[in-house]
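Visitor: Hi! Could you walk me through this protein structure? I'm new to this, so plain words please.

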Amino acid sequence: MTDLRVLVVGCGNMGASHAEAYHDMDGVEICGLVARGDSRHRLNTRLGGGYPVFSDFAQALTVTRPDAVCLTTWPDTHEAYALAALAAGCHLFIEKPLATTLVGAERVIAAARAAGRQLVVGYILRHHPSWQQFVELARDLGKPLVMRMNLNQQSHGAMWDVHRNLMQSLSPIVDCGVHYLDVMCQMTQSEPVSVSAIGARLSEELPPEMYNYGQLQVRFADGSVGWYEAGWGPMISETAYFVKDVIGPRGSVSIVARQADADSDNVDGHTRTDSLRIHSAALDSTNQFLQSDRWIDCQDEPDHLALCLSEQRYFLQAIQDGLDLDRHWQDALNSLRVVLAADEAVRSRQTVMLGRSSA
C-alpha cells in the first residue's frame, strides 16, 4: 500500500510533536512543513532537513497535493484552513478546538461528511491509558457525579508569548477547557444542559475584551455537575494548579500527579497522572470505612510524544479502515458547545442554557 502523504501545517509545539510522530511511523510520509515563521526551518533541521518547507498554506496544498493535512495553527485559522484542506480532497487531523465558533465547527464536520473524508480532532487525553481508566472508574461511582478539574499555568518567557497569541482569539477556559469537558462528557455519558462562568483580566497586555483567568460550572441532564478552572500568565499561582477528581455516591477517584508541584506551564506535565487514588464510600454498622483507599501506580505511562504517535496511528486507522467517526464529531461539538457557552456566560454574567447540537 502506498504511504499516506501528510502535509503538516503549523510547526510549533503540537505541530512539531505530530511531525516527529509521522517521521517515525510506517505507512506515512511527510510531504511538506508549513509555517509563517522560522519554526518550519527549525523543525525541518530537527527531522534531518529532508522535507520541503512552505510559508503559505494554499501554495503548499497546491504544490504537494497531499492525501491528508495535519492542522496545528492558531485556532482562529482552523475553520478556513480545514475547509480548504477538505475541499482539496484531503483527510484532516486538526488540533482542538475544531473552530472558534460552534457554527464554524458544524461547517467543518459537514464539509468532511460531504467530501467523504476522515476528520479527527486532537483530543490527546482519549489516547492516554491512565485517563481512559480514570473515565471508566468514574462510571462505577453511581450518579450524579461531581467533577472537579483545573489546569492553571504560570507561564513566562516563550510560553507567555504563546498564551498571549492564543488569547487574541480564545480564552483559557475555551482553549484548554475542551479537553476536560470532553472528559466530563465521557464520564457522565449525559447531555450538558446549562453553564455558568466567571472570568478576570489580570494583564494589561491582553485585548480589552479578553480575560486570562476563568472558571466554569456545568450541569448535565442526569444531575451531574462539574467545574473547570484555567488561568494563564506570570501572575498565576502554582498552588493546587492541577486538580482532577470525580465524586459519586459510591466514592471518588482522583488523579494524584506527584510531578505537579512545579513548572505548571510544562506541556509534558499536563497529561501526567502518576497515580490514581480510588476511595470507596461504603461504611460498616459503626460508620467506619469498610476498605482503605486503593492506589493504582501509573509510572509507566506514555510521554507526550508517545501520545501524539498514538493519535496519529488512530488517524491512519480511521482512514485505512473507514472508521465511523460520527460519535467522535458529536463529542467534539458537545465539549466546544459548553466552553463557548461558558465564554458567553463570562461576558453576559448570566447562566447560559444549552440547546442540543447535532453533528
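Guide: Happy to; we'll talk about the domains, the pocket and a few unusual spots in the backbone. Keep in mind that this is a predicted model.

Visitor: Cool. Which domains is the chain divided into?

Guide: There is domain 1, covering 4-122, and domain 2, made of 126-301 + 335-353. Their C-alpha centres are 28 Å apart.

Visitor: And how many residues of each are in contact?

Guide: Twelve residues of domain 1 touch 13 residues of domain 2. Between them the two domains bury about 1,100 Å², and 75% of that is on carbon and sulfur atoms. On the domain 1 side, Trp 74, Lys 96 and Leu 102 lose the most area to domain 2, together 46% of what that side buries.

Visitor: What's the count of salt bridges between domain 1 and domain 2?

Guide: The count there is one. For the structure as a whole, it is 16 salt bridges.

Visitor: Which residue does Lys 96 form a salt bridge with?

Guide: Its partner is Asp 175, and the closest N and O atoms are 3.1 Å apart. As a general point, side chains of opposite charge can pair when their charged atoms come close.

Visitor: Where do Lys 96 and Asp 175 lie?

Guide: Lys 96 is in the loop between strand E5 (91-95) and helix H5 (102-115), while Asp 175 is in helix H8 (residues 172-175), so the pair ties together parts that are 79 residues apart in sequence.

Visitor: Okay, new topic: what volume does the largest pocket have?

Guide: About 1,300 Å³. Of the 47 residues lining this pocket, Asn 13, Met 14, Thr 72, Trp 74 and Val 162 are the closest to its centre. You've met Trp 74 already, as one of the domain 1 residues that lose the most area to domain 2.

Visitor: So where does the largest pocket lie?

Guide: Both domain 1 and domain 2 give residues to the lining, so the pocket lies between them.

Visitor: Which helix gives the most to the lining?

Guide: That's H7, with seven residues. Several helices supply at least two residues each, among them H1 (13-24), H4 (78-87) and H9 (177-188).

Visitor: How many lining residues are nonpolar, polar or charged?

Guide: The lining has 21 nonpolar, 18 polar and eight charged residues.

Visitor: Last topic: those unusual backbone spots. Where are the cis peptide bonds you can show me?

Guide: One joins Lys 96 and Pro 97, with omega at about -5°. Pro 97 sits in the loop between E5 and H5. Another cis bond runs from Lys 143 to Pro 144, with omega near 0°, and Pro 144 is in the loop between helix H6 (129-138) and strand E7 (146-151).

Visitor: And what about Gln 189, what is its phi?

Guide: Phi is near 50° there, a positive value in a residue other than glycine. Gln 189 is in the loop between H9 and strand E8 (192-200). For background, most residues other than glycine have a negative phi, and most peptide bonds are trans.

Methods
Residues are numbered from 1 along each chain as its sequence is written. This is a predicted model: local features need pLDDT of at least 70, side-chain atom pairs count only at pLDDT 80 or more; totals for chains, interfaces and linings use all residues. Side-chain values use heavy atoms; hydrogens and water are left out. On a 1 Å grid over the protein atoms alone, a cavity is a set of points where a 1.4 Å probe fits but cannot get out, and a pocket is an open set with protein on both sides within 12 Å along at least five of seven lines; lining residues have an atom within 4 Å of a point. Grid points are joined across faces, edges and corners, and a volume is the space filled by probe spheres set on the points. Helices (H or I, at least four residues) and strands (E, at least two) are DSSP runs, numbered from the N terminus. Ala, Val, Leu, Ile, Met, Phe, Trp, Tyr, Cys and Pro count as nonpolar, Asp, Glu, Lys and Arg as charged, and the others, Gly among them, as polar. Domain bounds come from an automatic or database domain assignment. Contact means heavy atoms within 4.5 Å. Buried area is the accessible area (1.4 Å probe) that two parts lose on being put together, summed over both. A salt bridge is a side-chain nitrogen of Lys or Arg within 4 Å of a carboxyl oxygen of Asp or Glu.
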